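User: I've got a model open and would like to talk it through with you. Could you take my questions one at a time?

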Amino acid sequence: GHQENLREDAKTLLSNLYSNDSPQSAWDRYGKTGWGNDNNLCEKRPYEFLEENSSAHNLNAGSQMLEWYTPELEKIVEK
């Protein structure tokens, strides 16, 4: 997949993952509802997996990538 399709690709992947302990897919168990609002051990994220970006930090990764990921490097990676 590609970064711009991350949410859809994650949903596809999680929809096809099943545990021996449950007939529900990982998407049905966790992806649809996020990590939940009632778990004190996790961040409180009641939205679908990757639906929101509420990261407490901002690393400005997009501009850093453009600085270091040059067209020459992209050619090497694509091979």
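Analyst: Sure. One definition before we start: helices are DSSP runs of H or I with at least four residues, strands are E runs of at least two, and both are numbered from the N terminus. Keep in mind that this is a predicted model.

User: Good. How many helices and strands are there in the chain, and what pattern does the chain follow along the sequence?

Analyst: By those DSSP runs, the chain has 4 helices and 0 strands. Reading along the sequence, the pattern is α-α-α-α.

User: What share of the residues counts as buried?

Analyst: The cut-off here is under 20% relative accessible area. Of the chain's 79 residues, the share that counts as buried is 13%.

User: And how much of the accessible surface belongs to carbon and sulfur atoms?

Analyst: The accessible surface of the chain adds up to about 7100 Å². The part that belongs to carbon and sulfur atoms is 52%.

User: Let's zoom in on Ser 25. Is it buried or exposed?

Analyst: Ser 25 sits in the loop between helix H1 (6-15) and helix H2 (26-31). Leaving aside neighbours within four places in sequence, it touches Leu 14, Ser 15, Leu 17 and Tyr 18. Its relative accessibility is 2%, so Ser 25 counts as buried.

User: Tyr 18 is in that list of contacts. Is Tyr 18 buried or exposed?

Analyst: Tyr 18 is also in the loop between H1 and H2. Apart from neighbours within four places in sequence, its contacts are Pro 23, Gln 24 and Ser 25. Because its relative accessibility is 53%, Tyr 18 counts as exposed.

User: What separation do the C-alpha atoms of Tyr 18 and Arg 29 have?

Analyst: Along the chain, Tyr 18 and Arg 29 are 11 residues apart. In space, their C-alpha atoms are separated by 9.6 Å.

User: Now the nonpolar surface patch. Which element gives the most to it?

Analyst: The patch covers about 570 Å² and is made by Met 65, Leu 66, Tyr 69, Leu 73, Ile 76 and Val 77. Two elements give two or more residues to it, helix H3 (61-68) and helix H4 (71-78). With 3 residues, the one that gives the most is H4.

User: Last one: is Leu 66 buried or exposed?

Analyst: Leu 66 is in helix H3 and is one of the residues that make the nonpolar patch. The cut-off for exposed is over 50%. Leu 66 has a relative accessible area of 64%, so it is exposed.

Key: Residues numbered from 1 in each chain as written. Predicted model: local features only at pLDDT ≥ 70, side-chain atom pairs only at ≥ 80, totals over all residues. Heavy atoms only, no water. Buried < 20%, exposed > 50% of the residue type's maximum accessible area, 1.4 Å probe, protein only. Contact = heavy atoms within 4.5 Å. Patch = residues over 30% accessible without salt bridge, like charges linked within 9 Å, V, L, I, M, F, W, Y side chains within 5 Å. Areas by Shrake-Rupley, 256 points an atom, 1.4 Å probe, with all protein chains shown as cover. Salt bridge = Lys/Arg side-chain N within 4 Å of Asp/Glu carboxyl O.
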